[in-house]
Amino acid sequence: MRAKPFVLTPQWIMFDEFWISLKRRNRWLVYLRYGAAAMLAGFAAGAPLALHLRVETVPILMIAAAILAYNLVLHRLLQTIPTTHARFHGLHFALIQISLDIVALLVFLYLSGGIESPFFVLLIFHVIIGSLILPRAIVSTIITIAVAVMGTGTFMEFRGIIPHYTIGDFPHLLSSHPNYLVLSFVVMVFALYMSNYLANSISKELYQRERALTQAYKDLEDAEKAKSRYVMSVVHDLKTPIAAAITYLTLILDKTFGPLKPEIERPLERSKHRLAGAIKLINDILELSQVRLSGGLTTEKVNLTEIIHEIYDEMRIMFTSKNIRFTTWTNAAEDVYIEADPKLLKLALANLISNAHKYTDPEGNVEVHIKVKGDFVFIEVADDGIGIPEQEQSRIFEDFFRTSISKKRTTEGTGLGLTIVRQIIQQMHGSIRLESPSRLAREGRPGTAFFVTLPRILPDISPGETAKA
Amino acid sequence: MPKVAIIDDDPDIVEANSILLESNGFTVVSAGTVDDAVELVNRESPDIIVLDVMMQEPDDGFYLANKFRRSGVTVPIIMLTSVSKAIGFNFGASELVPIEEFLEKPVPPAVLLDRIKFHLAQAKGGSHAGH
């Protein structure tokens with residue numbers, strides 16, 4: 001069993017998914033074998049009574065016991081098989097178990113009639129399984145050895161050198177019609193090699209396609225990151241001159257250069273306002289690129305309750321100036337902690353709350369509910385604002401999408417806020433959906449409610465590439 | 001009259017901030033490149049430095065801040081950046097970056113004035129006990 005690694009692991013299977021699925025298949029073979037051993041023992045013990053066949057009960061029971069014994073060892077060994085390309089890996093394991101099975105099967109075939117055995121089709125079954133997992137050359141070698149053993153055995157039985165066993169009392173074919181024997185043998189050999197060839201070609205093609213898909217996905221991810229970096233540098237270069245212009249305008253409007261004619265003041269105010277809008281858009285794009293760029297999250301235990309209050313404190317003036325009532329409610333007795341990236345979590349929630357504020361008229365209501373249930377926390381941000389028309393609800397998370405109502409209003413928006421929110425929530429293994437009208441709906445004010453579900457403890461995340469400045 | 005050094009490669013930012021600060025009674029000196037900045041700070045010994053993060057290279061600001069600190073410059077440094085929040089340069093003023101504060105561009109003139117006055121007062125309070 002000294003198979004060289006490079007023979008067992010051709011280049012086309014060198015990718016992670018292969019090793020993971022290989023381990024799964026190896027495990028299934030071990031489980032199946034328990035069933036095979038049980039069926040074999042059942043056959044040995046039950047066939048004489050149930051089927052009125054004469055079988056070599058004791059030797060076959062011994063084969064079943066042997067299969068059970070080596071399967072127990074294999075089962076134990078399975079735990080230590082890595083899902084990577086190690087010194088002793090999944091393909092070695094598969095080769096060992098398939099070889100052992102074929103040896104056991106050959107012995108059983110001999111005891112159940114040799115070439116006449118109704119069980120010899122099982123040989124084809126084993127070859128197919130082997131071909132799905134192991135390289136073609138290895139399985140061909142196994143087939144050649146098995147065929148040679150069977151051929152020699154049959155010849156020796158025919159010549160009476162070794163005894164012939166049969167599971168029936170009827171006159172056996174072995175001595176009566178040699179041509180029938182040769183035909184059976186040729187068909188079997190043909191079926192074995194063809195099964196090996198076909199099963200192996202198909203599985204190889206599937207693995208190659210899977211690998212190509214995996215690669216394509218990774219390439220896409222890399223391209224997306226490259227794009228984000230490019231966007232960030234372009235956007236940064238756009239922001240600098242606008243920042244300079246805003247500084248000048250502010251100085252002028254602050255009357256640093258002396259008094260202003262009242263009719264000039266408003267156009268200047270508008271210029272500054274529009275430039276500030278551009279800065280806001282640029283910041284949104286930068287934030288979005290950042291979220292897309294960061295493959296991994298920096299997670300820590302975050303006080304969700306406190307974050308909500310921080311956000312409100314930062315926006316308090318905005319809420320009081322529009323006289324919007326902001327209330328919070330939670331079913332938790334204490335502050336709610338979750339595992340999250342604090343910066344991104346705050347960014348997402350701030351976006352939702354600022355949206356609620358932006359699209360709610362004066363004297364309106366904004367409510368934030370935090371509900372802890374099992375391993376999840378449910379956050380609802382509801383308002384009684386302008387709402388979102390039903391036919392637009394499915395598009396609300398798209399880049400640069402703004403609802404028809406929001407566009408009619410003077411409210412400034414970039415259409416990127418919710419895209420950012422959803423990206424962040426998804427990165428945190430959470431989900432977000434919306435309802436409009438919300439439960440705060442009143443006459444002419446349908447309102448909107450966003451429901452965010454986040455796991456309180458994050459599942460294992462593979463350490464991703466973090467953003468570099 | 002406190003002396004402010006503005007280090008930025010954008011002449012408009014330098015000019016606008018100079019106008020703002022001078023009209024509020026500060027003396028302003030400025031530089032637009034890394035080399036000029038080193039020379040400027042050595043020659044003028046400003047009371048506070050307003051430094052842009054990105055000049056020719058994305059990290060010139062950090063490089064300069066470290067260089068100043070290593071060469072014994074202890075006056076407050078305020079760093080201006082266009083991208084701090086956005087690109088997760090979420091470095092607050094820490095030991096890694098030896099500066100007093102980050103401000104995101106565009107900085108409203110009132111805020112810039114306020115922060116400069118604040119850090120000048122802090123620095124003064126630090127050197128004159130009881131102030």
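In this predicted model, helix α1 of chain B, residues 11-23, lies across strands β1, β2 and β3 of chain B. The helix runs at about 165° to β2(B). Helix α3 of chain B, residues 60-70, also packs on the sheet, where it touches β1, β3 and β4 (77-81) of chain B. The direction of α3(B) makes about 155° with that of β3(B).

The sheet under these helices is open and has 5 strands, in the order β2-β1-β3-β4-β5 (chain B), with parallel pairing. Its edges are β2 (27-31) and β5 (101-104) of chain B, each of which pairs on one side only. From one strand to the next, the twist averages 20°. Within the sheet, β1 (residues 3-7) and β3 (residues 48-52) of chain B run parallel and are joined by 4 bridges. Ala5(B) has Ile49(B) as its bridge partner in β3(B).

Another helix of chain B, α2, spans residues 34-44 and contains Ala37(B). Is Ala37(B) buried or exposed? Ala37(B) counts as buried because it has 26 C-beta neighbours inside 10 Å, and the cut-off for a buried residue is 20 or more. Leaving aside residues up to four places away in sequence, Ala37(B) touches Ile7(B), Ala31(B) and Leu64(B). Ile7(B) belongs to strand β1(B), Ala31(B) to edge strand β2(B), and Leu64(B) to helix α3(B). Phe68(B) is 31 residues from Ala37(B) along the chain, and the C-alpha atoms of the two are separated by 9.7 Å.

Chain A has 469 residues, of which 32% are buried. Its secondary structure comes to 13 helices and 7 strands. Of the contacts in chain A between residues at least 6 apart in sequence, 74% join residues at least 24 apart.

The largest nonpolar core has 41 residues. Those that touch the most other members are Ala348(A), Leu349(A), Leu352(A), Ile353(A), Val381(A) and Val421(A). Several elements of chain A each supply at least two residues of this core, among them helices α9 (262-293) and α10 (304-322) and strands β4 (365-373) and β7 (449-455). Helix α11(A) gives the largest share, 7 residues. Ala348(A) lies within α11 (342-358) of chain A. Not counting residues up to four places away in sequence, Ala348(A) touches Val421(A), Ile424(A) and Ile425(A). These three partners fall in helix α13 (417-427) of chain A. A second core, separate from this one, has 39 residues, including Ile81(A), Leu109(A), Ile115(A) and Ile129(A).

Definitions and conventions. Residues are numbered from 1 along each chain as its sequence is written. Chains are lettered from A and ligands numbered from 1 in the order in which they are written. This is a predicted model: local features need pLDDT of at least 70, side-chain atom pairs count only at pLDDT 80 or more; totals for chains, interfaces and linings use all residues. Two strands pair if DSSP finds at least two bridges between them. Axes are lines fitted to C-alpha atoms, for helices over the stretch in contact, and angles run from 0 to 180 degrees between N-to-C directions. Two residues are in contact if their C-beta atoms, placed from the backbone, lie within 7 Å. A nonpolar core is a set of buried Ala, Val, Leu, Ile, Met, Phe, Trp, Tyr and Cys residues joined through C-beta atoms within 7 Å. A residue is buried if 20 or more other C-beta atoms lie within 10 Å of its own, exposed if 12 or fewer, and partly exposed in between; C-beta atoms are placed from the backbone.
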